[in-house]
Structures are given as C-alpha cells and as structure tokens.
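Biologist: Please take me closely through one helix of this model. Then show me a few other spots for context.

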Amino acid sequence: MSPQQLPTPAELDLLRREAGEARRVLNYDQAILLNRQRIEGWRHRENPTEIVAALIELSRDCQSNRQPLIAFACLHEAHTLLPGEASVSIALGDLYTELHLQDQAIALYEAAGELGTNRLMRAYLGKGDKVRAHVFLERARRRLQQEKNLRGEANLLVGWGDPPAYTEAVELLAKAIPTASFSEQAQMLGLRASVLGLLKRPEEARQCFAQQLALCVLRELWPERFAALGALASFEYFYGDKTRARELLREHQALAQQQKSPQEERGALQKSLDFAGYESNWAQVAAICTELIVLCVNHGWRSDLPYFQERHAHALQKLGKRSEAAAACRAAIAILEQHRRTYAGLDAADRVFRQDSRAPYERLLGLLPVQSSEAFGLVQKLKARALREQLAVGQASQGVPPGPEETTLRTRCAQLNAALVREGIANDIGGKKRFLALQSELRDAESALARFYDFLHARAPQTALRHAAAEPTLAQVQAELGPKELLLDFVWATHGPEKVQVLAVRRERVVLIALETPLAELQSRIARLRHACSHPERPWQEAAKAVAEALITPLEPQLRGIEQLILCPDGVLWEVPFAVVLEGIPLSYTFSSALWHAQRTLPFPPPRPTALLAVAAPNLSGWSRPIIAPERPIIAPERSAFLPAGAAAAALPGTTREVQALARLFPGTHVLVGKQAQENQVKAAAVRCRWLHLAAHAFINDAAPLLSCLVLSDPSEPLRDDGFLTARELMGLDLSGVELATLSACNTARGQILTGEGVRGLSWALTAAGARNLVLSQWSVADASTVVWMETFYTALKRGQSKPAALRDAAQTARKTPDREHPYHWAAFILVGRGL
C-alpha cells in the first residue's frame with residue numbers, strides 16, 4: 001500500500017468513534033467490524049500504541065458479544081506488541097472480572113501498578129476483604145488528590161460504600177459540579193442525587209434530580225436524560241412513591257421510542273421488570289419479559305436472551321403455565337449450549353459459565369413429569385461435562401512435552417506447593433503466617449499458569465478443540481445396567497425446584513424424584529453426619545438417621561430388590577458417607593450417568609506388564625519434626641500430611657504391612673517401599689500396571705486443587721523431582737490401562753466441590769488420566785485400621801468378588817472388629833468409577 005493509500009489518522013479516529021457509537025447501541029457485530037478495520041489501518045501505519053488501544057477495545061466488544069476466546073487472542077497480541085503495558089493488564093483483568101475469575105483479575109490489576117488501584121479496591125471488597133481493600137482505597141485517593149480529580153475521588157468513595165464515604169462524596173461532587181462541562185454536570189448531579197438517597201436525605205436528592213433533568217432538557221443531553229429518568233425512578237420506588245416511579249419509567253420508554261433508541265427502551269423495560277419482580281407480580285413479569293425477548297430478537301442481542309427467557313419461565317411457572325414455562329427454558333438452553341462452545345479451551349471460565357447458567361436447566365428439570373426420558377438428557381447436560389470431554393480427548397494431548405514457558409510456570413507452582421506442605425509440617429515459630437503467605441503466592445502462580453493456557457488456546461485455537469463428548473441415550477445407559485442394578489443421578493438444584501432432584505434409572509424404567517427436605521436443612525444434616533463419622537469418639541447414629549430420612553426414605557420404592565447401587569452425587573452430596581445410611585448394599589460412585597457409561601464402554605488397552613504396583617512407607621527422613629495440625633483431633637496415627645501438634649511425620653509402619661499383605665496375595669507385585677518410593681519411579685511404574693496401590697501421607701490443597709498430592713520419599717534427585725505426586729502430574733500420565741487405583745491415604749476423595757462437576761482434586765485427576773476405578777477416603781484414616789481394611793478388601797477381590805461387593809465386605813468385616821464399630825474405622829473408603 002502506497003503512502004497515498006494509507007488511511008489517515010483522522011479517518012482511523014473516525015472509525016474509533018463509529019465503533020464507540022455502535023457499542024453504545026449494543027451493536028457489537030458492527031463495533032467489531034469497525035475496530036478490525038481500525039487495527040489494520042494502524043498496522044499499515046506501523047503504530048503499535050494505537051494497534052494496542054484498538055485491540056483492547058476489540059477484546060471488550062468480543063467479550064460483550066460472547067466471544068471470549070477471541071477476546072483473549074486480541075489481548076495476547078496486545079501483550080506481545082507492548083509487553084508490560086499497564087492498560088493491557090487492566091483490560092485482561094477486566095476480562096477475567098467479567099468471567100467471574102476474581103483471583104486472576106486481582107493478580108493482573110496488581111501488575112498494572114497505580115492504574116489498577118481502583119479496581120483492586122473493588123475486587124477485594126467483592127471478596128469481603130475490607131482490610132486489603134482499604135489499602136488500595138487510600139492509595140487511589142492519594143493519586144486522585146494529587147491530580148485534583150474531585151469527580152474521580154467521589155466515584156471512588158461511592159464505590160467504598162459506607163455512610164462516611166458517601167458524605168465525603170456528596171461534598172466533593174458539590175465542589176466539582178460548577179466547573180464541569182454540561183454533560184459532566186448532568187452525570188455528577190445524578191450521582192450526587194443517588195448518594196443523597198442512600199444517606200436518607202430525600203428532599204436534597206429530589207432537588208438534585210430536578211436540576212439534572214432540567215439541565216438535560218435545556219442542553220438536549222439525551223443519554224444523561226435517560227440515565228436521570230432511570231435513577232429517579234429507582235429512587236422514588238425505594239424511598240418515595242412507587243406510582244411515580246412507574247410513571248417515570250413509562251416516560252423513559254416513550255422517549256426512547258421517540259428517539260428510536262432501542263437500548264434505552266430495553267433499559268426502561270428491565271427496570272420495570274425488576275420492580276414487578278420485587279412485588280411478585282408474575283403476570284406483569286411475564287408480559288415485560290415477552291417485550292424484552294422480542295426486542296432482543298429484533299436487534300440481534302442474543303447474549304442476554306437466556307436471562308430474559310429464564311425469568312419468563314420463572315413467571316410462567318408461578319402462574320401455573322408449566323408447558324409454556326418449559327418451552328421458555330428450552331429456548332434459553334438452546335442458546336446457552338451455543339454460548340458454551342465459545343469457551344472452548346478456557347477451562348476455568350467454562351466451569352464458571354456452567355455454574356452461572358444452571359438456572360434454566362434446573363427449572364426445566366423441576367417442570368418435567370415423573371416419567372420423562374427428557375430428564376435424562378437434561379441431567380447429563382448439568383453434570384461432569386468437562387471431565388467427559390477430557391476423557392473424550394483421551395491421551396491425545398498427553399505425551400507432548402511442555403514448552404519452556406509452561407515448564408517454568410508449572411515448576412514455580414510445584415515449588416510453592418512443596419514449600420506449602422513443608423511449612424505446614426515444620427513446627428517453627430511463625431509457620432502459620434508463612435503458610436498463609438505461601439498460599440497467596442501459590443494462588444498467584446496458579447493464576448499465571450491459567451492465563452498461560454488461556455493465551456495458548458487463544459493464539460492456537462486448534463489446541464482448544466474438544467472432541468465433543470458423545471452423550472449416551474437413556475436406552476444405552478439402561479442397556480449397561482444389570483437387572484438388579486440401580487443408578488441414582490442426583491442434581492443439587494438451587495433454581496426452580498430448589499431441592500435435590502434424583503433420576504432413578506433401572507434397566508426397564510426411569511423415574512424423576514424431588515426430595516422434599518430444603519437444601520439448607522439437608523446441607524446441615526450432611527455436615528453433622530460427616531463431622532460425626534470423621535472421629536471415632538463422636539456419636540453418629542442420630543446424624544445418620546437424619547440424613548437417611550431426607551435422602552434414602554423417599555427412594556425406598558426404587559431400592560426394593562436392588563443388589564448393587566451406582567451413585568452420582570452432586571454438590572455437597574459428595575460429602576455423604578452413603579455406606580453409613582445404606583448399609584449392606586454394594587455401592588459405587590461416579591460423576592454422572594454419561595461418564596459411567598463412557599467408562600463402562602471404553603475398551604481396555606492391551607494388558608500392562610505389571611499386574612499390581614504397591615507403593616508404601618515413603619522415606620521422610622527430612623521431616624522428623626512434629627507436625628502442626630488442622631483443627632481435627634486423632635486417636636491413632638493418620639495418613640495425613642498435617643497431623644496434630646506432637647505427632648510425627650513417621651514413615652507409616654502400617655503401610656509396609658499393607659503392601660506386604662498385597663504381595664502375598666498377588667505374587668509378582670512390584671513393590672516400592674521406603675527410599676524406593678521415589679516420585680520418578682512411581683510415575684514410570686504407574687503407566688505399566690493394571691492395579692495401582694499408593695499408601696502414604698496425603699495433602700489436600702484448598703488453594704490449588706490440582707496441586708493436592710501424595711507425599712512420596714525425599715527425592716534422590718531434587719532437581720528432577722520434589723517428592724510430591726500432584727493431581728496435575730497424575731493427569732499427565734496415561735492411566736487408561738489402570739483398572740483399579742487405590743489411594744490409601746487421608747481425605748483423597750475430597751477437594752474443591754463444584755456443583756455439576758463433582759470434586760476437583762485427586763479423584764478428578766485420576767479419572768481424567770483414564771483410571772477406571774478408584775478407592776479413595778472421605779476423611780482422615782487411621783494407619784492401623786486401614787491395614788486390616790485393605791487386606792480384607794483385596795482378599796475379597798482375589799476371591800472373585802466385584803469391587804463394590806469387596807468394598808462392602810471390607811466395611812462389614814471392619815465393623816465387626818472389637819472397638820472398631822464406629823464408621824470412622826469402616827466407612828471412610830469409597831469406590832469411584834465404572835464399578836466393575
């Protein structure tokens with residue numbers, strides 16, 4: 001392109017302004033097109049600063065248009081052009097904020113320096129950390145005061161949100177208004193009026209609103225006038241005359257139609273919708289939602305359609321129009337399924353999106369009849385989709401060595417995790433403070449690694465492609481069930497029915513059951529039972545009875561004649577020790593019916609060279625000091641990395657006896673004990689075995705679930721390994737030939753509970769790596785009693801018992817042992833997986 005053909009800076013600035021106008025009227029497709037033209041123009045003029053500015057605006061338009069992967073690609077290019085540019089960090093932080101990933105956002109705002117202080121204050125306020133938020137409040141105020149930016153300081157104080165701050169903000173705005181432009185005056189008058197309302201000074205607020213509206217009419221400030229009408233309507237609704245509030249909204253809507261401003265019409269309708277919702281006027285809610293849906297369809301605003309459709313469904317349900325409500329839910333779900341595909345590769349954002357968009361799925365579930373094949377497909381859309389997709393990808397992405405940047409980031413996370421565990425073990429002065437500081441550093445490091453993967457998928461979208469996890473039909477799942485098997489797929493539904501929904505699937509029928517116990521009460525009962533079971537001296541029978549009445553009694557008709565039960569918990573139901581409330585029935589757990597079917601039907605690879613790998617008693621010679629503990633007391637030595645003060649990080653003698661018993665039962669067992677239990681040796685052997693048994697200390701990392709780990713021997717090659725076998729490292733192994741993986745350690749079934757996705761931690765990682773069955777513990781287990789339990793379990797397996805039956809037999813045998821009648825000794829271990 002010749003210099004004469006290059007777009008001029010004036011022409012490119014016109015594109016910027018046109019894109020801004022398109023954005024203002026919510027025409028994001030047009031804004032994206034104009035910003036792309038603007039970027040190409042600045043590329044031809046070789047101006048990186050302007051390219052970055054345009055890329056930032058393009059990224060925001062893409063996010064608003066439900067294209068987050070493209071938004072990340074824009075910001076990655078901007079970061080490449082101007083590394084360390086604060087405005088890019090701010091934009092990326094804003095993107096993470098919109099995706100509800102607050103920790104990643106905070107790390108980026110901190111990297112932006114002074115420009116990020118306002119946002120950091122709001123981010124920490126959002127997390128409930130007012131102490132940290134106040135640090136950034138004061139820092140931001142000092143900067144704004146130096147700049148003599150009264151309006152900015154007032155906005156900051158309003159964001160802080162307490163009466164003293166509001167009072168200061170009112171005074172600052174009064175000083176700033178006289179010298180501002182007309183548009184700014186109108187905006188500040190509106191803010192001042194709203195704050196006066198919050199301070200319960202209604203007459204002064206009305207005077208401000210009157211001044212604002214008069215100025216808007218006089219100077220024909222249409223955007224400010226619309227904003228004034230909406231703010232005044234809210235003020236009157238909450239502090240004055242509700243009738244007047246509705247009149248103002250009708251005026252707002254009429255002016256919007258007169259000015260041909262559909263986005264302002266939508267704003268007026270949305271506020272009317274909120275008012276109708278506050279009053280539970282469901283007929284009006286339904287009518288307004290209909291108007292909003294038509295408006296969104298006519299103007300191509302698809303990103304907001306599911307929200308209005310779900311609210312429409314809620315209103316129709318309240319009006320008793322169940323079939324119409326169900327149709328509205330289906331319409332919302334169809335769009336949400338399209339939106340979800342735009343999150344390919346953005347794992348954390350995808351998880352949050354699924355969590356935030358459950359409402360229409362759950363509501364529809366509550367509207368379906370008891371006998372409904374549709375319910376099965378709906379439940380599978382709600383549960384374990386990320387894990388199923390990981391399994392569908394299989395080992396295709398494994399075996400590919402990470403690049404230098406990924407290696408550096410992963411190494412940093414692993415180092416911090418190792419330091420975290422060691423700090424928790426060392427009984428030194430100031431250990432708790434250092435532990436918390438390391439947790440904070442680890443969160444930042446994990447955020448940096450997550451950003452790396454987001455950028456990786458953004459700049460190479462092919463790495464984000466998912467082999468769509470095929471959803472089995474109900475008939476296919478039923479065909480895998482035995483004649484006396486029952487599959488219970490639970491949904492913890494906080495929308496619509498607001499109760500636990502249970503899909504009971506047998507070979508010949510499927511039934512949808514709603515449990516009547518309120519969710520809060522059920523959660524409380526589950527917490528009491530788990531607390532009672534996790535210590536051998538706590539009474540447990542009454543707690544078990546209370547949970548059984550809520551969870552099991554309503555399902556008794558489905559349980560008659562059942563000889564094996566497959567449980568698919570959801571939410572806090574993963575905390576339930578079902579063996580305590582369902583005594584005598586062989587049990588297995590899985591993340592969802594669809595995942596269970598996938599595991600049942602996946603062909604096994606050729607036999608592995610090693611039948612059984614048994615790892616035990618790692619050498620912890622460097623950890624001879626007493627261990628600082630969490631709050632739980634114990635009676636006997638536990639297989640937890642964190643024990644009460646005074647207990648030592650011993651080599652767990654019981655684990656040695658445990659693997660010796662396994663070696664007697666299964667000749668040819670590959671045993672790694674003591675110093676041989678090196679991380680590199682365990683990894684190398686694990687991918688060659690059919691059964692994997694790991695008996696060691698465990699550490700469940702709440703700060704970073706994929707860094708939950710098993711503590712292996714002090715490494716002989718510290719530069720190569722750190723001695724901690726983490727969930728992330730397990731995910732990188734090909735365990736598709738492992739029929740059974742037993743983690744004979746504490747709390748290995750626990751982790752980050754995600755409604756719909758299950759438990760993110762060691763169980764998630766082993767399943768994603770391909771292991772077919774897992775034996776895991778729901779609480780801290782005693783070393784001595786675990787030895788007996790495991791020997792009984794494996795003996796039953798050798799006799800030919802199924803894995804669920806062997807688990808039941810081990811529990812029953814342990815329960816009959818004197819002084820071990822408490823569930824603490826016999827109910828800790830569960831079976832997760834295919835159950836064969």
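Modeller: What follows starts with one helix and then moves to a few other places.

The model is predicted, so local features need pLDDT of at least 70 and side-chain atom pairs count only at pLDDT 80 or more, while totals for chains, interfaces and linings use all residues. Residues are numbered from 1 along each chain as its sequence is written, and side-chain values use heavy atoms, with hydrogens and water left out.

The helix is H31, with 13 residues, 653–665. Helices (H or I, at least four residues) and strands (E, at least two) are DSSP runs, numbered from the N terminus. At 1.5 Å a residue, H31 should span 18 Å; its end C-alpha atoms lie 19 Å apart, which agrees. The expected span is 1.5 Å times one less than the number of residues.

Which residues of H31 are buried? They are Gly654, Thr655, Glu658, Val659, Ala661, Leu662 and Leu665. Seen down the axis of H31, they fall within an arc of 150 degrees, so they line one face of the helix. That arc is taken from the directions from the helix axis to the C-beta atoms. Buried means under 20% relative accessible area, exposed over 50%, and partly exposed in between (1.4 Å probe, protein chains only). The face of H31 turned away from the buried side carries exposed Pro653 and Arg664.

What do the buried residues of H31 pack against? Their partners are strands E6 (610–618), E7 (670–674), E8 (689–695) and E12 (740–744), plus helix H35 (783–798). Contact means heavy atoms within 4.5 Å.

Now the other spots. Pro586 sits in the loop between helix H29 (578–581) and strand E5 (587–589). Pro586 is buried, at 6% relative accessible area. Leaving out residues up to four places away in sequence, Pro586 touches Glu563, Gln564, Leu565, Pro804, Ala805 and Arg808.

Two loop residues have a positive phi without being glycines. Arg66 has a phi of about 60 degrees. It lies between helix H3 (48–64) and helix H4 (68–81). Arg66 is partly exposed, at 25%. Ser280 has a phi of about 55 degrees. It is found between helix H15 (262–278) and helix H16 (282–299). Ser280 is partly exposed, at 42%.
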